[in-house]
Amino acid sequence: LATLPPQINHASHPFSPIKHFCFLLMCLVATGAFADDDARRQQLAFFEKEVRPVLAARCFECHGEKKQESGLRVDHVEFLKKGGDSGPAIVPENVDKSLLIQAIRYSGDFQMPPKGKLPAAEIAILEKWVQLGAPWPEETAKLATKTGEFSEEDRNFWCFRPLADVK
């Protein structure tokens with residue numbers, strides 16, 4: 001009689017299909033994370049190289065840290081999302097609902113900059129930026145835009161919080 005070879009325990013075998021599958025799955029997840037990081041770096045590079053210079057040259061004078069016409073400040077994405085007297089200036093990933101884009105296209109109630117329409121290339125840069133989700137480097141902005149106004153961060157400072165009952 002011929003004897004059968006011993007059964008191999010595939011789960012503990014060094015080359016088991018389950019281990020291969022898990023290893024490949026981990027590689028795919030890691031690759032996806034690296035791809036996300038790379039995409040984010042590219043978006044931030046686009047912002048720094050293309051978007052920030054347009055905002056600085058065309059908008060900061062009237063809508064910057066020192067002066068905010070119509071209550072609008074454009075020197076941080078949180079200010080743009082909060083908007084000014086007319087509402088949010090940008091809706092990330094939605095070019096058509098973004099008041100900033102309507103204003104620079106001269107297609108809405110506002111026309112910015114008032115001295116003349118931006119070149120088509122600069123409009124395209126800002127449209128692409130909003131469509132990408134308005135990526136901005138991770139830095140905090142103090143959202144208080146008027147003297148005497150408090151931001152949410154200010155209101156949550158420890159000394160302004162209600163006293164808690166300590167037991």
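**Odd backbone angles and a one-sided helix**

At 49% relative accessibility, S70 counts as partly exposed, since the cut-off for exposed is over 50%. This comes from a predicted model, and S70 is worth a look for its backbone too. Its phi is positive, about 55 degrees, even though S70 isn't a glycine. As for where S70 sits, that's the loop between α2 (60-63) and α3 (77-82).

Most residues other than glycine have a negative phi, and most peptide bonds are trans. E93 is another residue that goes against the phi part: it isn't glycine, yet its phi is near 70 degrees. E93 belongs to the loop between α3 and α4, and with 55% relative accessibility it counts as exposed. The peptide-bond part has an exception as well, because the bond from M112 to P113 is cis, with omega near -10 degrees. P113 is in the loop that runs between α4 (99-105) and α5.

Next comes helix α5 itself, residues 120-131. How far apart are its end C-alpha atoms? Twelve residues at 1.5 Å a residue should span 16 Å, and the ends are indeed 16 Å apart, so the two values agree. Tucked away in α5 are the buried residues E122, I123, I125, L126, W129 and V130. Looking down the helix axis, these buried residues fall within an arc of 155 degrees, which means they line one face of α5. On the face turned away from that buried side, α5 carries the exposed residues A120 and A121. Just past the helix, G133 has a positive phi of about 105 degrees.

Methods
Residues numbered from 1 in each chain as written. Predicted model: local features only at pLDDT ≥ 70, side-chain atom pairs only at ≥ 80, totals over all residues. Heavy atoms only, no water. Helix = DSSP H or I, 4+ residues; strand = E, 2+ residues; numbered from the N terminus. Expected span 1.5 Å × (residues − 1). Buried < 20%, exposed > 50% of the residue type's maximum accessible area, 1.4 Å probe, protein only. Arc of directions from axis to C-beta.
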